[in-house]
Amino acid sequence: MPDAPDKNRKVSWKQRDKNQIIGTEVARIDGQPKASGTAKYSADINTKGTLFAKVLTCKHGHAKIVKLDTAPAKKSPGVHAVHEFVSEGDELLWDGSLVAAVAAERPELADDALRAIKVEYEVLDHFVDEDNLEQAEELERTNKPRESTKGDVEVAFKDAKAVHEGYYGVSTITHSCMEPHGSHCEWDQNGNGLKVHLSTQNVSGTAGQFAGPLGIDASSVEIICDYIGGGFGSKFQADEWGVACAKMAKEADRPVRLMLDRATELKIAGTRPSCFGKVKIAADADGKIVAWDSEHWGTNGMRGGTVDVNQMPYVFDFDNRNRKAVGLKTNSGPTRAWRAPNHPQLCAMTCTAIDDLAAKLGMDTLDVILKNLDKTPRPEVYKAELDKAAELIDWKDKWHPHGKGESKNGVKRGLGVAIHQWGGRPHAASCLVKVNPDGTVESTAGSQDIGTGTRTAIGIVLAETFGIPLDMVKVNIGSSKYPRSGPSGGSTTIGGVSGPNRQAALEALWQIFDKVAKKYDADPETLEAVDGKIVSGDKVVCSWKDAARLTGPMGLEVTGKGPVKELTDDGVGGVQMAEVSVDTETGKVKVEKFVAVQDCGMIINEKAARSQIEGGMIMGIAYALTEERIMDPKSGRFINADFENYKLPRLGDIGELVVEIHQPDDIYERGVIGLGEPPVISPGAAISNAVANAIGVRVPVLPMTPKRVLDALEGANA
């Protein structure tokens, strides 16, 4: 390919064009197989001879294995393999810890074998009271406090017009993916190569995690994940149950499928840490916040971590602040990244305290936030988003001081607001783009689609670049044998995969332009691919298919690598406002209207982007109103580890969702930035503030269950 002038052939996105496919609402190219049931998830893989595996778990909060006898299970009918996760003398530190697994001809035979296993425990002391800092300190169940100070907090509080002190909390929630963790493992005939259909967010990165424990080379392992039923940060690892599945398949010389049952999934597949704390905050007479002092604590299980002290307060960087954080070591399952790790807790602690301070000042919370935007990283963006959200929810006409709204049959309404931030920089990725002689285009990459529409986004980028219909593009993802791509975490995927595919497609297109120019005597620098044609200005030079034939019988292949800095960026902000109704007799909270205004750079697929935002809002309603892990202090057990008692919202609990994507030209021109996590950050704070605005008293701990609402009202009345 001849050298091209930089001004014409640098990697970039097209300028906004009403005829382009990028940024429009495109239905997912894999929507039909998912909706029809033909899409194959890990639990659907059932190759000839597949055995079904089940796991035995510990039912104590803390115990030592005194005796473990799996021999009866090995003799149980239909059993071909047994795996022991622990040995006699080992300590199990939480309810749900894995003890053993069996692989049998049928699921019910595996259940019978588990019941035949003989295990004796020595029950040990446990601690699961995650909000009880005082008891944790007495039991020496805390990590060393982390502290941070800036400015002169003492003087700032002394000179302030208003000071507020409050207690706030966000309970632990657990991953509840519709598809549990698990895999289908099958060795080749020689017993050297392993194929794993794994429910994973990390297709390219998990082969080695299997290979190491199995004593084989990573190149001998192929990870396949065509579809995944949710991950949200919990599915980056092979996990001990995945390796056990592979070992049992080796022992039995048969394929084995091991998917965690729902209770075990909820107990050990990862949680979002809790966060409780005391906040003291002050402002001057104009509503400018002058001081912040907080001590917060929480748990991520036995490691005793909690949310980062350096991120409190959230978004706002006040001049005078003290911060202290303490982690509690509890006998509870481990934490894993949960959609926007730590940010929902930080937002809930910060924006609720600001709301209560505004109430003490007798000011509108929105006005107080606006007055303090200079302490945020992107004041102009937040200002525009707050103005738009206020318009969409009719804040000016509906807002009232805390508890001063009308009451109709004991039902009160209120408004709340919160703001958030996220990074979203793309991960490293590579791909292979092929232009076939018939004009069709293929992309191959070891990425995965965890529900964000990865296949469709890649297809849109290629269709846009080559000026062809989306149905002429085939996207191959989901295998570790494909070009390596990063894991889907941190809202990095769409930026990660779109950059390399755009880069490779442009380089392929430039090569084709040179061939077209030579054949049709045209200037290659004036050529464009539009609507199935190669054009020069208003003149049609040839059809796309004619141009593709010039690549020869083998077609054209180009490799793309990223991240591509010219096409992507990081750093987004968002605003959410909630309108709720609260029945003061029953304590029931209902979300009436929920508005989200979000920026995220250049949108690839607006339909998918809106879906991501709506999904985050719904998850936020869940942890704000109903969702929490409940541990029994007496037994140390996770007592609501099922979908009957682990309360997730139903359709009638959602209310009206309003999504506005903030995408003026200056934000569009930043390129693609991740969107998956930001929308789940603000709901807890926004809904909590709306409840406080309605009833005039703070419900301090999320979720705001009817009992907690009634307790708050009773305390206020007392």
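**Exercise 1. Find the volume of the second largest pocket and work out which residues and elements line it.**

Step 1. Start with the size: the second largest pocket has a volume of about 840 Å³. Keep in mind as you work that this structure is a predicted model.

Step 2. Now look at the wall. The lining is made of 32 residues, and K14, R502, L527, E528 and A529 are the closest to the centre of the pocket.

Step 3. Next, sort the lining by element. At least two residues each come from α1 (6-9), α14, α15 (493-520) and β23 (527-530). The biggest contribution is that of α15, which gives 5 residues to this lining.

**Exercise 2. Decide whether R455 is buried or exposed, and list what surrounds this residue.**

Step 1. Locate the residue: R455 sits in helix α14, which spans residues 454-466. You have just met α14 in the lining of the second largest pocket.

Step 2. Compare its accessibility with the cut-off. Buried means under 20% relative accessible area. R455 has 8% relative accessibility, so R455 counts as buried.

Step 3. Follow the side chain. It reaches the backbone oxygen of D226 at 2.7 Å.

Step 4. Collect the other neighbours. Setting aside residues within four places in sequence, R455 touches I29, D30, D226, Y227, D449, V475 and I477.

**Exercise 3. Do the same for R378: is this residue buried or exposed, and what is its polar partner?**

Step 1. R378 is found in the loop between α11 (365-371) and α12 (379-393).

Step 2. Its relative accessible area is 16%, so R378 is buried.

Step 3. The side chain of R378 makes a polar contact with the side chain of D599, at 3.1 Å.

Step 4. Beyond four places in sequence, the contacts of R378 are G571, V572, G573, D599, I667 and R670.

**Exercise 4. Find the strands that pair with β5 and say how they run.**

Step 1. Begin with β5 itself, residues 98-104: 7 of its 7 residues are buried.

Step 2. Strand β1 (residues 51-57) pairs with β5 in the antiparallel sense, over 6 bridges. To check this in the model, find L56, which stands opposite A100 in β5.

Step 3. Strand β3 (residues 79-84) also pairs with β5 in the antiparallel sense, over 5 bridges. Here you can look for A81, opposite A103 of β5.

**Exercise 5. Describe the largest nonpolar core and the neighbours of M577.**

Step 1. The largest nonpolar core holds 94 residues, and L386, M577, I687 and I695 have the most contacts inside it. Helix α10 (residues 343-361) supplies the largest share of this core, with 10 residues.

Step 2. Apart from this core lies another one, of 51 residues, including A63, L98, A101 and L258.

Step 3. Zoom in on M577. Not counting residues up to four places away in sequence, M577 touches L366, L386, A389, A390, I393, W395, G416, V417, K593, F594 and V595.

**Exercise 6. Count the cavities and describe the largest one.**

Step 1. Here is the idea: rolling a probe the size of a water molecule over the atoms shows where empty space is left.

Step 2. The count is 3 cavities of 30 Å³ or more. The largest cavity contains about 60 Å³ of space.

Step 3. Its lining consists of Y168, G169, V170, A348, M349, T352, G684, S688, R698, V699, P700 and L702. The elements giving two or more of these residues are β8 (162-170), α10 and α19 (683-695).

Terms used. Residues are numbered from 1 along each chain as its sequence is written. This is a predicted model: local features need pLDDT of at least 70, side-chain atom pairs count only at pLDDT 80 or more; totals for chains, interfaces and linings use all residues. Side-chain values use heavy atoms; hydrogens and water are left out. A nonpolar core is a set of buried Ala, Val, Leu, Ile, Met, Phe, Trp, Tyr and Cys residues joined through side-chain atoms within 4.5 Å. Buried means under 20% relative accessible area, exposed over 50%, partly exposed in between (1.4 Å probe, protein chains only). Helices (H or I, at least four residues) and strands (E, at least two) are DSSP runs, numbered from the N terminus. Contact means heavy atoms within 4.5 Å. A polar contact is a pair of N or O atoms within 3.5 Å; within protein, one must be able to donate a hydrogen and the other to accept it, and residues adjacent in sequence count only if both atoms are side-chain atoms. Two strands pair if DSSP finds at least two bridges between them. On a 1 Å grid over the protein atoms alone, a cavity is a set of points where a 1.4 Å probe fits but cannot get out, and a pocket is an open set with protein on both sides within 12 Å along at least five of seven lines; lining residues have an atom within 4 Å of a point. Grid points are joined across faces, edges and corners, and a volume is the space filled by probe spheres set on the points.
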